[in-house]
Amino acid sequence: MEEILDNLDNRIISELRHDARVPLSDLAAALNTSRTTLRARIARLQERGEIVGFTVLTRADVMRDPVRGLMMIGIEGRGTERITRQLSGFAEVRAVHSTNGRWDVIVEIGTETLEAFDAVLTRIRRLDGIVASETNLLLKTRKAS
């Protein structure tokens with residue numbers, strides 16, 4: 001039986017997403033609960049698999065790609081598997097997502113310069129089987145997961 005997260009659980013997860021290193025005493029005060037309750041809730045969320053780990057976002061993670069964007073790609077016929085493998089081999093490709101709707105895949109791209117970004121777009125568009133694409137530059141990220 002799947003347990004439903006209550007308001008406190010959701011608030012704990014939200015705060016930890018913002019800063020997973022916050023001291024328990026500070027987090028307990030912010031959530032208006034005791035440290036003991038907070039520690040037990042976090043342990044329960046981990047045991048149930050709601051929290052599967054903690055991570056660190058470094059300055060290098062954020063600054064690694066000054067130019068970032070999403071490229072939506074339409075693929076002819078049954079070439080999606082092949083093109084997905086090819087895209088995964090591009091050093092500038094950070095992720096390849098399958099999707100529904102008009103586009104077959106969405107590719108996250110990161111480069112040092114606009115010129116390098118344009119060059120990778122050109123290389124991707126030249127892949128056999130790509131019939132359409134649309135690209136959007138990411139201007140500002142407010143929350144990274």
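# Exercises on a predicted model

Glu 92 sits in the loop that runs between helix 5 and strand 2. The structure is a predicted model, and the exercises below begin from this loop residue.

## Exercise 1. Surroundings of Glu 92

Determine which residues Glu 92 touches, and identify the partner of its side chain in a polar contact.

*Solution.*
Step 1. Leaving aside residues up to four places away in sequence, list the contacts: Glu 92 touches Glu 108, Ile 109, Gly 110, Thr 111, Val 120 and Arg 123.
Step 2. Assign the contacts to elements. Strand 3 comprises residues 105–111, and helix 6 comprises residues 114–125.
Step 3. Look for the polar pair. The side chains of Glu 92 and Arg 123 are joined by a polar contact of 3.4 Å.

## Exercise 2. The sheet

Establish the order of the four strands, and explain why strand 2 and strand 4 each have one side without a neighbour in the sheet.

*Solution.*
Step 1. Read the order across the sheet. The four strands make an open sheet with the order 2-3-1-4, and their pairing is antiparallel.
Step 2. Examine the edges. Strand 2 (93–98) and strand 4 (130–138) are the edge strands; each has a single partner strand, so one side of each has no neighbour in the sheet.
Step 3. Add the twist. From one strand to the next, the twist averages 20°.
Step 4. Recall the general principle: strands of a sheet pair through backbone hydrogen bonds, in either a parallel or an antiparallel arrangement.

## Exercise 3. The partners of strand 3

Describe how strand 3 pairs with strand 1 and with strand 2, and state how far strand 3 is covered.

*Solution.*
Step 1. Take strand 1 (residues 67–75). Its antiparallel pairing with strand 3 extends over seven bridges. Gly 69 has Ile 109 of strand 3 as its bridge partner, and Met 72 stands opposite Ile 106.
Step 2. Take strand 2. It pairs with strand 3 over five bridges, again in the antiparallel sense. Here Ser 98 stands opposite Val 105.
Step 3. Inspect the connection. Strand 2 and strand 3 form a hairpin with six residues between them, and Gly 101 in the turn has a positive phi of about 90°.
Step 4. Assess burial. Strand 3 is mostly covered, with five of its seven residues buried.

## Exercise 4. The nonpolar cores

Identify the residues with the most contacts inside the largest nonpolar core, and the elements that supply at least two residues of it.

*Solution.*
Step 1. Find the core. The largest has 17 residues, and those with the most contacts inside it are Met 71, Ile 73, Leu 87, Val 107, Ile 109 and Ile 124.
Step 2. Trace the contributing elements. At least two residues each come from strand 1, helix 5 (80–88), strand 3 and helix 6 (114–125).
Step 3. Follow one member. Beyond residues up to four places away in sequence, Ile 124 touches Met 71, Ile 73, Leu 87, Phe 90, Val 93, Ile 109 and Ile 130.
Step 4. Look elsewhere in the chain. Another core, of eleven residues, lies apart from the largest one and includes Ala 28, Leu 31, Ile 42 and Ile 51.
Step 5. Compare with the domain assignment, which gives domain 1 (7–48) and domain 2 (63–137). The centres of the two domains, taken over C-alpha atoms, are 38 Å apart.

## Exercise 5. Buried or exposed?

Classify Arg 41, Ala 30, Asn 32 and Ser 88 as buried or exposed.

*Solution.*
Step 1. Apply the cut-offs: under 20% relative accessible area is buried, and over 50% is exposed.
Step 2. Arg 41 lies in helix 3 (residues 35–47). Arg 41 has 18% relative accessibility and therefore counts as buried. It touches Asp 6, Leu 8, Asp 9 and Ile 12, residues up to four places away in sequence not being counted. The side chains of Arg 41 and Asp 9 make a polar contact of 2.9 Å.
Step 3. Ala 30 belongs to helix 2 (residues 24–31). With a relative accessible area of 53%, Ala 30 is exposed.
Step 4. Asn 32 is in the loop between helix 2 and helix 3. Its relative accessible area is 72%, so Asn 32 is exposed. Asn 32 also has a positive phi, near 55°, although it is a residue other than glycine.
Step 5. Ser 88 is in helix 5. Its value of 52% relative accessible area makes Ser 88 exposed. A polar atom of the Ser 88 side chain lies 2.9 Å from the backbone oxygen of Thr 84.

Technical notes: Residues numbered from 1 in each chain as written. Predicted model: local features only at pLDDT ≥ 70, side-chain atom pairs only at ≥ 80, totals over all residues. Heavy atoms only, no water. Pairing = 2+ DSSP bridges. Axes fitted to C-alpha atoms, helices over the stretch in contact; angles between N-to-C directions. Domains from an automatic or database assignment. Core = buried A, V, L, I, M, F, W, Y, C linked by side-chain atoms within 4.5 Å. Buried < 20%, exposed > 50% of the residue type's maximum accessible area, 1.4 Å probe, protein only. Contact = heavy atoms within 4.5 Å. Polar contact = N/O pair within 3.5 Å; in protein donor to acceptor, adjacent residues only side chain to side chain.
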